[in-house]
Amino acid sequence: MNKIYKFFSSTVEQIGFSLINGLSGLGRIINFIFRFFYWLPKNPFRLKELVSQLYDIGNKSLFIIALSGAFTGMVMAYQTYFGFRLISVDSLVGPVVALSLAKELAPVLSGLIVAGRSGSAMAAHIGSMKVTEQLDALEVMGISSFQYLAVPRIIAASLCLPMLSSIFLFVGNVGSYFVGTKALMIDGTIYFSKLGKWMFVEDIGQGLIKSFFFGFIISVIGTYFGFKVEKGAAGVGKATNQAVVWGMISVLILDYILTSFLVQFMGG
Amino acid sequence: MDYFEEEKAVDIKGLTTILGGQTILNNLSFGIPKNKITTILGFSGAGKSTLLKHILGLLKPTYGSVFVLGKNLNDLSEFELKKFRRHFGMLFQYAALFDSLSAYENVAFPLNEFTDLSEDEVEEKVYGLLESVGIKVDSFFKLPSELSGGMRKRVGLARALALGPDIMLYDEPTTGLDPITTKMVNDLILNTYRKNVDRGMTSIIISHDVKVTLEISDFVAFLDHGKIVEFLPVKDFVNSQNKLVQEFLAL
């Protein structure tokens with residue numbers, strides 16, 4: 001009886017402890033977001049840093065985004081075709097792939113790729129600057145390390161992700177078109193006419209809105225874990241890992257929240 | 001503790017710091033004389049780094065005040081504090097150079113941030129600063145990872161001096177260095193002091209290296225468990241009757 005009581009009490013204790021930890025972590029991230037909005041309008045605006053981050057997050061991700069987009073579109077075309085052929089609506093492959101890409105796959109997969117690539121890089125860079133006292137050096141010079149490092153990264157990621165998602169969408173559709181018309185022998189004219197009939201600007205808009213928020217949250221999490229680093233190189237490794245894991249989880253959770261709002265306001 | 005009549009660059013009054021329920025600095029009161037080299041000595045965990053953070057205004061006192069160049073840091077807003085920190089130059093233990101910038105760019109960084117100097121003027125100043133700390137031109141555009149520990153310290157010092165600070169802080173400047181590099185850093189600190197003595201620059205060294213302290217300091221403060229237990233001119237410090245100081249000097 002005593003053992004059962006101990007088991008239950010320790011389980012409840014563990015759950016309570018995890019819950020408190022989770023909530024305080026969430027509170028710290030919300031506080032971090034407030035700090036971003038506090039520093040955002042403050043001078044000086046660091047254009048050089050912003051451009052450098054736009055290049056790092058945007059330009060350097062182009063190849064991997066385009067490659068992932070092409071193969072996602074091609075695979076989607078195959079999968080959709082063999083399903084739709086059974087009910088003789090294979091001419092709808094184009095719009096179905098395009099809509100899936102525009103509303104979900106392009107923003108979510110671009111988000112996951114950027115979380116893995118840039119979110120981790122942000123945590124590692126800021127974290128290693130922290131353990132080597134470079135953040136202290138900035139502060140001693142009278143420069144806010146937050147304004148100098150976090151603000152340009154968050155702006156850059158929020159601007160880059162919609163662009164990367166658009167490229168993913170475009171290349172994905174090109175891949176789908178080639179597989180549909182060359183390998184699956186769907187008539188090109190029908191492919192385009194169906195696409196024009198079922199695909200609207202609002203559908204692309206939904207994806208772009210989502211990617212903006214994904215870029216924001218990925219960079220907030222990446223920079224947050226970078227600033228939080230403690231205990232040397234091991235701490236940097238841990239922060240990098242956490243930035244990727246929580247960046248990806250945040251994209252998926254935010255995707256659900258944003259979808260439930262966007263379908264209400266912009267239609268399914 | 002306040003033995004000196006000298007004008008003070010830093011005046012600490014009743015400073016107490018409690019972090020995580022632990023008292024780090026305990027009702028600390030002393031003044032650091034202007035235009036002199038003062039070393040704050042102490043064992044690891046004595047509170048030296050915490051004291052340094054207070055002088056820089058990076059930590060708020062739990063109780064008490066820190067006056068720097070006559071200003072109470074408690075009265076300054078975060079924004080004013082950032083501006084005020086331009087009075088300081090700091091040489092970090094491992095130099096803390098920005099690793100994505102070359103030696104030249106590291107020294108030019110504060111000049112580009114806080115002055116309206118033209119590119120040519122910045123170049124002239126950076127060349128002068130790097131040469132004054134003994135860096136050769138062929139190393140100007142090397143990244144910190146391509147420089148030796150001693151060279152990184154030199155570049156760190158050049159960067160700290162770029163804006164002509166009123167107070168120069170050295171955090172464990174000789175820790176982990178070989179005897180030759182230690183001597184080089186000592187000479188660098190002394191030369192920097194001599195070159196800037198006319199404009200009233202104060203030097204504060206945080207260290208646990210007794211040898212260095214005795215060689216280059218004007219005054220020595222000994223910190224133990226968050227309290228200044230001895231604060232004397234260096235010639236009197238070596239004859240201190242304080243047991244802890246004697247123990248430390250014997251190491």
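# A lysine–glutamate pair and the chains around it

The side chains of Lys82(B) and Glu139(A) are joined by a polar contact of 2.7 Å. The model in which this pair appears is a predicted one. The pair also qualifies as a salt bridge, with 2.7 Å between the closest N and O atoms of Glu139(A) and Lys82(B). Between chain B and chain A the count of salt bridges is two.

Lys82(B) sits in helix α2 of chain B, which covers residues 78–84. Apart from neighbours within four places in sequence, Lys82(B) is in contact with Trp39(A), Glu139(A), Gly142(A), Ile143(A) and Ser144(A). Is Lys82(B) buried or exposed? Its relative accessibility is 7%, so Lys82(B) counts as buried, the cut-off for that class being under 20%.

The interface as a whole comes next. In it, 19 residues of chain B are in contact with 17 residues of chain A. Lys82(B), together with Phe92(B) and Phe98(B), supplies 32% of the area that chain B buries against chain A, and no other three residues supply more. The two chains bury about 1,600 Å² between them, and 63% of this area is on carbon and sulfur atoms. As for polar contacts across the interface of chain B and chain A, four residue pairs are found, both residues of each pair being at pLDDT 80 or more. On the side of chain B that touches chain A, the largest share comes from α3(B), with four residues.

Helix α3(B) has a set of buried residues: Ala103(B), Tyr104(B), Asn106(B), Val107(B), Ala108(B), Phe109(B), Pro110(B) and Leu111(B). Which elements do the buried residues of α3(B) pack against? In chain A they are α5 (134–140) and α6 (145–183), and in chain B they are α4 (119–132) and α5 (149–161).

Chain A is made up of nine helices and zero strands. Its C-alpha atoms fill a box of roughly 65 × 65 × 35 Å along the principal axes. Chain A has 268 residues, of which 46% count as buried. Among its contacts with a separation of 6 or more, 86% are between residues 24 or more positions apart. The area that chain A exposes is about 13,800 Å², and 72% of it is supplied by carbon and sulfur atoms.

Chain A also carries a nonpolar surface patch of about 870 Å². The residues that make this patch are Val245(A), Trp246(A), Ile249(A), Ile253(A), Tyr256(A), Ile257(A), Phe261(A) and Phe265(A). Val245(A) belongs to helix α9 of chain A, residues 232–266. With a relative accessible area of 38%, Val245(A) is partly exposed. The spacing of side chains along a helix follows from its geometry. An α-helix has 3.6 residues a turn, so residues three or four places apart point the same way.

The backbone has some points to check as well. Most residues other than glycine have a negative phi, and most peptide bonds are trans. In chain A, the peptide bond that joins Asn43(A) and Pro44(A) is cis, with omega at about -5°. Where is Pro44(A)? Pro44(A) is in the loop between α1 (2–39) and α2 (47–57) of chain A.

In chain B, Ala95(B) is not a glycine, yet its phi is positive, near 75°. Ala95(B) lies in the loop between β6 (88–91) and α3 (103–114) of chain B. The relative accessibility of Ala95(B) is 1%, and Ala95(B) therefore counts as buried. His225(B), also not a glycine, has a positive phi of about 45°. The loop that holds His225(B) runs between β9 (219–224) and β10 (227–233) of chain B. His225(B) counts as exposed because its relative accessibility is 65%, the class beginning over 50%.

One further residue of chain B is Asn196(B), in helix α6 (residues 179–196). Its relative accessible area is 13%, so Asn196(B) is buried. Leaving aside neighbours within four places in sequence, Asn196(B) is in contact with Leu161(B) and Met201(B).

Terms used. Residues numbered from 1 in each chain as written. Chains lettered and ligands numbered in written order. Predicted model: local features only at pLDDT ≥ 70, side-chain atom pairs only at ≥ 80, totals over all residues. Heavy atoms only, no water. Helix = DSSP H or I, 4+ residues; strand = E, 2+ residues; numbered from the N terminus. Buried < 20%, exposed > 50% of the residue type's maximum accessible area, 1.4 Å probe, protein only. Patch = residues over 30% accessible without salt bridge, like charges linked within 9 Å, V, L, I, M, F, W, Y side chains within 5 Å. Areas by Shrake-Rupley, 256 points an atom, 1.4 Å probe, with all protein chains shown as cover. Salt bridge = Lys/Arg side-chain N within 4 Å of Asp/Glu carboxyl O. Contact = heavy atoms within 4.5 Å. Buried area = accessible area lost by both parts, 1.4 Å probe. Polar contact = N/O pair within 3.5 Å; in protein donor to acceptor, adjacent residues only side chain to side chain.
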